[in-house]
Amino acid sequence: ALSQLSPEVEDAIRMVHRLSASSVGLLALVAAALGWKNRAVIPPVVKPIVWIVAVTVLLAVIGPLTPGYRFSLVTIANVVAGTVLVATCWWLRETLVVAPSAVATWDPMLSLTMTVFAVHVGLGAAASAYAARGTHWVAFLHTGSAMFTTLLLASILWDRRLRPAMSVRVRFMAGLLGLQLVLGLVSLWMEVRPVGLGFAHTMVSALLATGLVSIAIRDHLNSENKD
């Protein structure tokens with residue numbers, strides 16, 4: 001497996017990543033302690049905190065296996081779990097801000113979109129993992145899933161475009177989706193994808209994941225509520 005980064009740059013980035021991962025682990029412990037202490041007062045926070053702790057543990061377990069890109073499955077799990085961790089942290093934030101109804105049910109289309117989005121992110125990680133070994137056919141699967149994912153995301157945004165409580169988020173998500181499409185197309189046109197382009201593509205995916213969480217949590221709020 002070959003990395004596009006020089007050994008010095010890669011080592012520095014790994015050190016920063018380890019420090020940030022340790023910080024996230026400490027925050028997960030704090031969230032778990034506070035959630036347990038206040039579980040009777042704010043019951044809705046229990047689920048996102050359980051997810052945060054579970055995903056953090058998974059990332060901690062596979063973390064030592066990431067150097068050297070020895071296992072493609074580890075690379076894929078690291079990216080997907082990282083995206084899920086961002087989404088669950090935002091889930092906790094939105095739960096504390098919004099206090100969603102315990103009886104609210106999710107739109108089946110929204111659930112499908114989240115599932116497809118996670119698969120699409122996994123295929124993107126797989127494309128990068130296999131490209132490091134000189135295998136590029138996985139990228140075509142990622143490109144194909146992008147079409148389906150984009151249609152689902154666009155459908156979710158279109159259905160909520162006229163809701164006052166969703167207007168800001170819908171516009172923001174639409175802008176992110178457009179940016180992501182541009183980044184993806186540029187990646188296809190370039191024979192060698194710059195590291196910065198791949199990084200931007202991944203960060204926009206994380207923002208799209210948090211946007212989907214916001215829509216899911218706020219979907220059943222009264223349209224008269226302010227953002």
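This report covers helices, buried residues, salt bridges and a surface patch in a predicted model.

Residues are numbered from 1 along each chain as its sequence is written. The model is predicted, so local features need pLDDT of at least 70, side-chain atom pairs count only at pLDDT 80 or more, and totals for chains, interfaces and linings use all residues, while side-chain values use heavy atoms, without hydrogens or water.

## Helices H6 and H7

Helices are DSSP runs (H or I, at least four residues), numbered from the N terminus. The expected span of a helix is 1.5 Å times one less than its number of residues.

Helix H7 covers residues 195-218. H7 has 24 residues and reaches 35 Å from its first C-alpha to its last. That is close to the 34 Å expected. Of the 24 residues of H7, 17 are buried (under 20% relative accessible area, 1.4 Å probe, protein chains only). H7 is therefore largely enclosed by the rest of the structure.

Helix H6 spans residues 167-189. Its 23 residues should span 33 Å, and the end C-alpha atoms of H6 are 33 Å apart, which agrees. The buried residues in H6 include Arg 169, Val 170, Met 173, Leu 176 and Leu 177. Gln 180, Leu 183, Gly 184 and Ser 187 are buried in H6 too. What covers the buried residues of H6? The cover includes H3, H5 and H7.

Leu 188 also belongs to H6. Together with Leu 185, Trp 189 and Met 190, Leu 188 forms a nonpolar patch on the surface. The four have about 450 Å² of accessible area together (Shrake-Rupley method, 1.4 Å probe, with only the protein chains shown counting as cover for residues). Such a patch joins nonpolar side chains (Val, Leu, Ile, Met, Phe, Trp, Tyr) within 5 Å, taken from residues with over 30% relative accessible area and no salt bridge; patches of like charges are joined within 9 Å.

## Glu 94 in H3

Glu 94 sits in helix H3 (residues 72-98). Is Glu 94 buried or exposed? At 0% relative accessibility, Glu 94 counts as buried. Two polar contacts involve its side chain. These are N or O pairs within 3.5 Å; within protein, one atom must be able to donate a hydrogen and the other to accept it, and residues adjacent in sequence count only if both atoms are side-chain atoms. The side chain of Arg 93 is joined to Glu 94 at 2.4 Å. The side chain of Ser 214 is joined to Glu 94 at 2.8 Å.

Contact means heavy atoms within 4.5 Å. Not counting residues up to four places away in sequence, Glu 94 touches Ala 99, Arg 169, Ser 214, Ile 217 and Arg 218.

## Salt bridges

Side chains of opposite charge can pair when their charged atoms come close. A salt bridge here is a side-chain nitrogen of Lys or Arg within 4 Å of a carboxyl oxygen of Asp or Glu. How many salt bridges does the structure hold? There are six. The table lists some of them.

| Pair | N to O distance |
|---|---|
| Arg 93 and Glu 94 | 2.4 Å |
| Arg 160 and Asp 219 | 2.9 Å |
| Arg 163 and Asp 219 | 2.9 Å |

Arg 93 is partly exposed (20% to 50%), at 36% relative accessibility. Asp 219 is buried at 12%. Arg 160 is buried, with a relative accessible area of 1%. Arg 163 is partly exposed at 31%.

Asp 219 forms a salt bridge with Arg 160. Asp 219 lies in the segment after H7 and Arg 160 in the loop between H5 and H6, so this pair ties together parts that are 59 residues apart in sequence. The side chains of Arg 163 and Asp 219 also meet in a salt bridge. Arg 163 lies in the loop between H5 and H6, so its pairing with Asp 219 ties together parts that are 56 residues apart in sequence. Asp 107, Arg 160, Arg 163 and Asp 219 are linked in a network of salt bridges.

## Thr 149 and Leu 152 in H5

Helix H5 runs over residues 138-159. Thr 149 lies in H5 and is buried, with a relative accessible area of 3%. Leaving aside neighbours within four places in sequence, Thr 149 is in contact with Val 116, Phe 117 and His 120.

Leu 152 is in H5 too. At 8% relative accessibility, Leu 152 counts as buried. Beyond neighbours within four places in sequence, Leu 152 contacts Met 109, Leu 112, Thr 113 and Val 116. Leu 152 and Phe 117 are 35 residues apart in sequence and 8.9 Å apart in space, C-alpha to C-alpha.

How values were computed. Helix = DSSP H or I, 4+ residues; strand = E, 2+ residues; numbered from the N terminus.
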